[in-house]
Amino acid sequence: MSPIAFQTPAIDSSSFIDLFESRLEDSLLELDQEVRPYAQSAALAGGKRIRPQLVYLFSNSENSVSDSVLNASVVLELVHLATLIHDDILDEAQMRRKLPAMHQEIGAHSALLLGDALFGYALELASRFPTTKVCAVVAEATRKTCSGEIRQTFARGRTNLSLDEYVGFINDKTGELFKASCELGAYLSGANDSLIEKAGKFGLCLGISYQVYDDLMDAFMPQEKCDKTVGADWLTGKFTLPMIFLHEEATAEEIMELNEIFCSKDKHFTSDSSNLRIVELLNKYQILDRSIEYLDQHLSHTNSIIDEFPDESLRLKLVGFLNNFSDKLSLVRSLKTSNFLAV
């Protein structure tokens with residue numbers, strides 16, 4: 001991946017993703033032969049490509065897209081892919097992007113090392129830019145992403161987790177890569193420090209919104225409607241937004257009951273009656289509705305940040321991007337019960 005910037009014909013967002021997919025595929029050819037097929041399997045299996053899209057949105061690439069923007073997008077997607085491989089090991093997830101999770105294919109030890117290799121390769125590619133700025137931003141985001149995941153892992157099984165602690169975890173584990181994507185897009189477009197800072201602020205807020213959405217999907221989406229393993233947070237002892245809200249509303253007796261179920265050593269074999277009880281309490285206190293309200297509020301805050309950007313074209317693009325994301329809420333709003341019945 002050369003950092004030399006040449007110009008390609010005018011493109012739109014979907015055309016950019018086509019170019020990105022081609023650049024990603026080409027970049028994987030540099031990996032060691034033993035690693036390459038597994039990295040290709042994981043990286044080319046699809047995905048939302050949100051981080052590359054954010055780089056593109058802030059890169060001011062209306063008429064053309066530079067080599068540097070494509071390369072930075074690949075770097076950030078590789079870091080994201082590495083975190084997914086590691087997360088699936090930690091969560092004991094069986095499926096990712098409608099395929100067996102990588103650790104199911106090659107074992108947890110090899111999958112862990114594959115994730116490490118992708119982290120290292122991403123930083124190697126970042127170091128090829130003619131400035132240390134890209135490598136510094138990616139390295140910081142990678143460190144904070146891992147730190148957030150570690151802190152959440154240490155908190156597994158804690159039933160007194162506060163909302164502030166939860167937001168702190170997801171601020172780092174998801175928000176930082178979103179932030180880095182927006183910052184690098186703006187930086188590579190030649191934006192000033194003020195605009196780069198605003199871009200990072202938007203990315204961080206969007207990342208938190210996205211992780212809240214993802215956690216709601218894990219808690220409430222039936223497995224047959226999802227392309228990855230759901231219920232993983234519950235099974236691995238992660239306290240996320242629905243359970244935090246439920247503990248705030250439940251009586252002392254109900255909390256004791258919930259804690260006994262939640263702290264069970266093997267929730268794979270939790271009885272149907274226990275699962276039904278959780279569903280009953282979630283419905284009793286309208287936790288799904290409250291969770292959606294919280295997400296709506298956070299998305300409104302994310303949307304308000306768009307007004308801080310002076311460029312009207314950028315504002316319109318960000319509004320369109322955020323509207324597409326908001327449409328995902330219809331999936332959550334359509335749910336009436338939790339997937340605990342299927343866990």
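# Helices and confidence in a predicted model

Me: What span should helix α15 (residues 312-326) have at 1.5 Å a residue?
Reply: Helices here are DSSP runs (H or I, at least four residues), numbered from the N terminus. The expected span is 1.5 Å times one less than the number of residues. The end C-alpha atoms of α15 are 21 Å apart, which agrees with the span its 15 residues should have, 21 Å.

Me: Why do the buried residues of α15 line one face of the helix?
Reply: Buried means under 20% relative accessible area and exposed over 50%, with partly exposed in between (1.4 Å probe, protein chains only). In α15 the buried residues are L314, L318, F321, L322 and F325. The arc is taken from the directions from the helix axis to the C-beta atoms. Seen down the axis, the buried residues of α15 line one face because they fall within an arc of 95°.

Me: Which exposed residues does the face of α15 turned away from its buried side carry?
Reply: This is the face turned away from the buried side of α15. The exposed residues there are E312, L316 and N324.

Me: Where is confidence lowest in the protein chain, by helix?
Reply: This is a predicted model, in which local features need pLDDT of at least 70, side-chain atom pairs count only at pLDDT 80 or more, and totals for chains, interfaces and linings use all residues. Residues are numbered from 1 along each chain as its sequence is written, and side-chain values use heavy atoms, leaving out hydrogens and water. pLDDT is the predictor's confidence in each residue, from 0 to 100. Confidence is highest in helix α8 (residues 163-188), at a mean of 96, and lowest, at 70, in helix α16 (residues 329-333).

Key: Helix = DSSP H or I, 4+ residues; strand = E, 2+ residues; numbered from the N terminus.
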